[in-house]
Amino acid sequence: MFAFKDPYAVGDLVIFLGSLEWDNTRAIEGEIGIVVEIFAPDDEINFFDLQVQLADGGAIPVWRGEVKKLEDAE
């Protein structure tokens with residue numbers, strides 16, 4: 001199996017690169033969230049990469065390409 005260092009960690013602040021909606025939860029482009037869970041890449045049930053908590057209390061699963069670490073944002 002291929003092992004790599006995940007660039008995200010629980011507690012990282014991320015910014016949404018585009019607006020998203022999943023299961024009646026919405027994230028707006030430019031919104032900031034916090035990574036609360038990192039899913040295993042070989043998880044057969046969950047096909048997302050990260051679970052991100054939003055400021056309004058909701059949480060949304062995302063792929064790594066949909067968010068960027070706040071410290072790396074331009």
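User: What is the relative accessible area of R64?
Analyst: R64 comes out at 22%, so it counts as partly exposed (buried is under 20%, exposed over 50%, partly exposed in between; 1.4 Å probe, protein chains only). This is a predicted model: local features need pLDDT of at least 70, side-chain atom pairs 80 or more, while totals for chains, interfaces and linings use all residues. Residues are numbered from 1 along each chain as written, and side-chain values use heavy atoms, without hydrogens and water.

User: Fine. Which residue forms a salt bridge with R64?
Analyst: That would be D49, with the closest N and O atoms 3.0 Å apart (a Lys or Arg side-chain nitrogen within 4 Å of an Asp or Glu carboxyl oxygen).

User: And which parts does the D49 and R64 pair tie together?
Analyst: D49 sits in the loop between β4 and β5 and R64 in the loop between β6 and β7, so the salt bridge ties together parts that are 15 residues apart in sequence. (Strands are DSSP E runs of at least two residues and helices H or I runs of at least four, numbered from the N terminus.)

User: What else does D49 touch?
Analyst: Not counting residues up to four places away in sequence, D49 touches E37, I38, F39, V62, W63 and R64 (contact means heavy atoms within 4.5 Å).

User: How many salt bridges does a search of the whole structure find?
Analyst: The search finds three. Another one joins the side chains of D12 and K69, at 3.6 Å from N to O. This pair links distant parts of the chain, with D12 in the segment before β1 (13-16) and K69 in strand β7 (residues 67-69), 57 residues apart.

User: Are D12 and K69 buried or exposed?
Analyst: D12 is buried, and K69 is buried as well.

User: OK, switching to E21. Where is E21 found, and which residue does E21 form a salt bridge with?
Analyst: E21 belongs to strand β2 (residues 20-22). Its salt-bridge partner is R26, and the closest N and O atoms there are 3.5 Å apart. R26 counts as exposed, because its relative accessibility is 53%.

User: Which residues is E21 in contact with, leaving aside neighbours within four places?
Analyst: R26 appears again, together with I60. As for D56, which is 35 residues away along the chain, its C-alpha atom and that of E21 are separated by 14 Å.

User: New topic: why is β5 largely enclosed?
Analyst: Four of the five residues of β5 are buried, so the rest of the structure largely encloses the strand.

User: What does β5 (50-54) pair with, then?
Analyst: β4 is one partner, running antiparallel to β5 and joined to it by five bridges. β6 (residues 59-62) is another, also antiparallel, with four bridges. (Two strands pair if DSSP finds at least two bridges between them.)

User: Which residues face each other there?
Analyst: On the β4 side, V35 has V52 of β5 as its bridge partner. On the β6 side, L50 stands opposite V62.

User: And what lies between β5 and β6?
Analyst: Four residues separate the two strands, which form a hairpin. In that turn, G57 has a positive phi of about 100 degrees.

User: Last one, back to β4: how exposed is I34?
Analyst: I34, whose place is in strand β4, is partly exposed, because its relative accessible area is 33%.
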